[in-house]
Amino acid sequence: HNLQSRFLQLLQDGNHLLHHSIHPHLPSSLSLPDQLIRFIGRTLPLEWQHRNRDNGNFRSVADGMVKLSCPMIALSNLRLTHEFLNLSSTKRRRRIRYGD
């Protein structure tokens with residue numbers, strides 16, 4: 001029983017050290033995406049994580065999130081959005097013939 005309690009104490013001490021020893025090149029707090037990834041890692045069974053990584057479900061979710069955020073990026077800077085859309089306007093297009 002004493003060995004088991006000592007082992008548990010060492011695990012707790014080790015976890016405490018991991019959380020408080022910050023590498024100088026890492027940020028002191030986690031970004032929202034990092035927090036989300038850690039939450040998924042703690043919550044979902046490892047087998048489920050591996051299966052969804054391997055069959056592409058996680059990639060599909062990430063791609064969908066990026067697509068959903070695009071309108072918000074466009075709305076946050078309307079002038080640049082207008083300039084971007086004008087790049088493909090028919091007035092600015094030129095036909096370039098190759099081999100003539």
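# Notebook: confidence, pairs and a patch

I began with confidence along the protein chain: it is lowest in helix α1 (residues 2–20), at a mean of 63, and highest in α3, at 91. This is a predicted model, and I kept that in mind throughout. For the protein chain I noted a mean pLDDT of 77, with 75% of its residues at 70 or more.

**Entry: Gln49**

Since α3 has the highest confidence, I went there next. I picked Gln49, which lies in helix α3, residues 46–54. Is Gln49 buried or exposed? I found a relative accessibility of 15% for Gln49, so this residue counts as buried, the cut-off being under 20%. Then I asked which residues Gln49 touches, leaving out those up to four places away in sequence. My list reads Ile40, Gly41, Leu44 and Phe58. I wrote down Phe58 with a star, as that residue comes back below in the aromatic pair.

**Entry: aromatic rings**

I looked for aromatic pairs and the structure holds one. The ring centres of Trp48 and Phe58 are 5.8 Å apart and the planes stand at 70°, so I logged the pair as edge-to-face; the label needs an angle over 60 degrees. Which helices do the two rings come from? Trp48 belongs to helix α3 and Phe58 to helix α4, so the pair ties together parts that are 10 residues apart in sequence. I checked the cover on both partners. Trp48 is partly exposed at 33% relative accessibility, and Phe58 is partly exposed too, with a relative accessible area of 31%.

**Entry: salt bridges**

How many salt bridges are there? I count three, and I took them in turn along the chain.

My opening stop was helix α3, where the side chains of Arg51 and Glu47 meet in a salt bridge at 3.7 Å, N to O. That distance passes because the cut-off is within 4 Å. Why is about one helical turn the spacing here? Arg51 and Glu47 are four residues apart in helix α3, so about one helical turn separates them. I noted Arg51 as partly exposed at 41% relative accessibility, while Glu47 is exposed, with a relative accessible area of 62%.

My next stop was Asp54 and Arg53, whose side chains meet in a salt bridge at 2.8 Å, N to O. I have Asp54 down as exposed, at 58% relative accessibility.

My last stop was Arg79, which forms a salt bridge with Glu83; their closest N and O atoms are 2.7 Å apart. Both residues lie in helix α5 (residues 78–87), four residues apart, about one turn of the helix. Arg79 counts as exposed at 54% relative accessibility, whereas Glu83 is partly exposed, with a relative accessible area of 40%.

**Entry: nonpolar patch**

I finished on the surface. Which residues form the nonpolar patch there? I found Leu36, Phe39, Val61 and Met65, with about 390 Å² of accessible area together. I then asked where they come from: α2 (32–43) and α4 (57–76) each supply at least two residues of the patch. I looked up Phe39 by itself, and this residue sits in helix α2. Its relative accessibility is 46%, so Phe39 counts as partly exposed.

**Entry: looking back**

Helix α4 turned up twice in my notes, as the home of Phe58 in the aromatic pair and as a supplier of patch residues. Helix α3 holds Gln49, Trp48 and the Arg51–Glu47 salt bridge.

How values were computed:
Residues are numbered from 1 along each chain as its sequence is written. This is a predicted model: local features need pLDDT of at least 70, side-chain atom pairs count only at pLDDT 80 or more; totals for chains, interfaces and linings use all residues. Side-chain values use heavy atoms; hydrogens and water are left out. Buried means under 20% relative accessible area, exposed over 50%, partly exposed in between (1.4 Å probe, protein chains only). Contact means heavy atoms within 4.5 Å. pLDDT is the predictor's confidence in each residue, from 0 to 100. Patches are made of residues with over 30% relative accessible area and no salt bridge: like charges are joined within 9 Å, nonpolar side chains (Val, Leu, Ile, Met, Phe, Trp, Tyr) within 5 Å. Accessible areas come from the Shrake-Rupley method with a 1.4 Å probe; for residues, only the protein chains shown count as cover. Rings of Phe, Tyr and Trp (its six-membered ring) pair if their centres lie within 6.5 Å; planes under 30 degrees apart count as stacked, over 60 as edge-to-face and the rest as tilted.
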